[in-house]
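Colleague: I should be grateful for a close look at a single part of this model. Please set out the contacts there in order, with the criteria behind each term.

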Amino acid sequence: MDKRIHKINRLLTDYSLGKFERRLDLSEKLDDIDAFITGVNMLGEELKDSTIRKNYVINILNSVSDIVLVLNRAGRIEEINKTACEQLECPREELLGRTLDEWQEGGRGSLFSFIFHQLKAGKPSVFSDSVFITATGKKIPVNIYSSYLMDDTRKNSSIIVTAKDITLQIQSENLLLRAIIDTQEKERQRLAQDLHDSLGQQISAIKFYISAAVDNTADSRNRDILLKSNEALMKVQAEMRNICFNLMPKTLEEFGLLKAIEQLCKQPTYAGRVRFTIDCPEDFPSLLQKVEIDIFRVVQEFITNALRHGNADKIWMKFQHNKTQVRIVLKDNGQGFELAEGLASPGRGLYNVQSRIKSHEGEVRIKSSPGSGAEYHLTLPNKH
C-alpha cells in the first residue's frame, strides 16, 4: 500500500484533534493520490479559517454583558456567551443542545415558535418579553431581541437571541408606581378623615338643632317640614359614610382585607342589584397593609366595572394561598368585552389594576370576551 495513504489517515486524525495547521507535501507523481492530498490540505485550510472565525465570534459574544444565545432552526442552543452561563447559573456543557423554551417561566412554552414564525414571515428582527428561570429557580425578567444569523453563503442558518436582564428597571418602575399609589392613598385617607371629622360633625349638629326645633314646634306643617329635613340629613349622613368607606374603610385598617370586602359587598348601593359569592379558607393570611389596600382597590374596581359596563348580577371571589403566593380570582356573569379594547379604555381602570398589583411584584391576568363575562386572576407574593 502506498505510504501516502497512511500519511493521509494520520493527517485526518490530526484534524479531528484540532491540529489544522498540518499539511502533506505532494509527490513528483502528481497522480490521483496527490490530487486527494490537495483536497485534504484545502480541507485543513477551511477548518482552520472556520475555527478562527468561530473563536472570533465567541470572543465578541463573551464581551457582551447581556445573555446571547445562538439557536438552530429547532430552537436548540448551538452557542452561548459567558454571561448566559453566569446569569442562567448553568455550565456551558449543560446549556448546549437545550431548547430556548426550557428556560422560560412555566417550562416548555412557545417563545421560540413565536420568534421563528415572525422571522420566517419576513421581519428582520423580533422584540419580545419573557421571564427566564435559572438552574437554581431564580426568575430573570428579560427584554429579548432576535434576528437571523447568516452564514458565508448569506443563508439564514441560525437565530441569534439577545436577552437583557431588566430586573433593576422593573424594580425602579415599581418604586415609582408605589410612590404614586401611596400618595393617592394618603390623599384618600386625608379626605375621608376630613369628611368624617368636619362635615360629619356639622351634619350631626344640624340634626340636633332640627330635633330641638321639632320638640318646640306646635305647627303641624312646620313640624312635617322639619321631620322631612331630618330624614334627608340622615340620607346625606349615610351617603357620606359610604363615601368615607370607599375612600378608606376603617374595617380594612382594624379587621383586615376579608372583613372589609365582606362589608363592601353589603353596601346599600349593591342591594338587590348583584349577588356576591366569596370563597375563602379560614386560614387565609393577613398581608402587608399596602398589599391589602391595593387588593381591596382592585376588588372595588372589578365590582364597578361588572355593574357599570357588564350589567352583571352575580360576582364570585375566590381566595387561595400557599407558602409563597396568594392567588385571587374575581369573576362576573356580565356582558364581557374585547380584551384589547378594554385594556386601551381609560374608563375601565384596568391600567390602575395592573399597576397596583405590579408594584408588589405581582401579576394580573385578565380574561374576557363579549358575552362571556370577565375574570381577573391576581397572583402576589405571600408577604406578611
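With which residue does D294 form a salt bridge whose closest N and O atoms are 2.4 Å apart?

Modeller: The partner is R356: the closest N and O atoms of D294 and R356 are 2.4 Å apart. A salt bridge here is a side-chain nitrogen of Lys or Arg within 4 Å of a carboxyl oxygen of Asp or Glu. D294 lies in helix 10 (residues 289-308) and R356 in helix 12 (residues 350-358), so this contact ties together parts that are 62 residues apart in sequence. Helices (H or I, at least four residues) and strands (E, at least two) are DSSP runs, numbered from the N terminus.

Before going further, the basis should be stated. This is a predicted model, in which local features need pLDDT of at least 70 and side-chain atom pairs count only at pLDDT 80 or more, whereas totals for chains, interfaces and linings use all residues. Residues are numbered from 1 along each chain as its sequence is written, and side-chain values use heavy atoms, with hydrogens and water left out.

Both partners count as buried, D294 because its relative accessibility is 0% and R356 because its relative accessibility is 7%. Buried means under 20% relative accessible area, exposed over 50%, and partly exposed in between (1.4 Å probe, protein chains only). Salt bridges that share partners join R178, D182, K290, D294 and R356 into one network.

Within this network, D294 also forms a salt bridge with R178, with the closest N and O atoms 2.7 Å apart. That contact links distant parts of the chain, since D294 belongs to helix 10 and R178 to helix 6, 116 residues apart. R178 in turn forms a salt bridge with D182, where the closest N and O atoms are 2.9 Å apart. R178 and D182 are separated by about one helical turn because they stand 4 residues apart in helix 6 (residues 167-215). R178 and D182 are both buried. The model has 8 salt bridges by the stated rule.

Helix 10 also has a place in the path of the chain between two strands. Strand 6 (275-279) and strand 7 (residues 314-321) pair in the parallel sense over 5 bridges; pairing requires that DSSP finds at least two bridges between two strands. The chain crosses from strand 6 through helix 10 to strand 7, and this β-α-β crossover is left-handed. A crossover is right-handed if, with the strands pointing away from the viewer, the path from the first strand over the helix to the second runs clockwise. Among the bridge partners in strand 7 are W316 for T277 and I315 for F276.

An aromatic contact joins the loop before helix 10 to strand 7. The ring centres of F284 and F319 are 5.5 Å apart and their planes lie at 80°, so the pair is edge-to-face. Rings of Phe, Tyr and Trp (its six-membered ring) pair if their centres lie within 6.5 Å; planes under 30 degrees apart count as stacked, over 60 as edge-to-face and the rest as tilted. F284 is in the loop between strand 6 and helix 10, and F319 is in strand 7, so the pair ties together parts that are 35 residues apart in sequence. F284 and F319 are both buried.

Strands 6 and 7 belong to an open sheet of 5 strands in the order 6-7-8-10-9, with mixed pairing. Its edge strands are strand 6 and strand 9 (363-368), each of which pairs on one side only.
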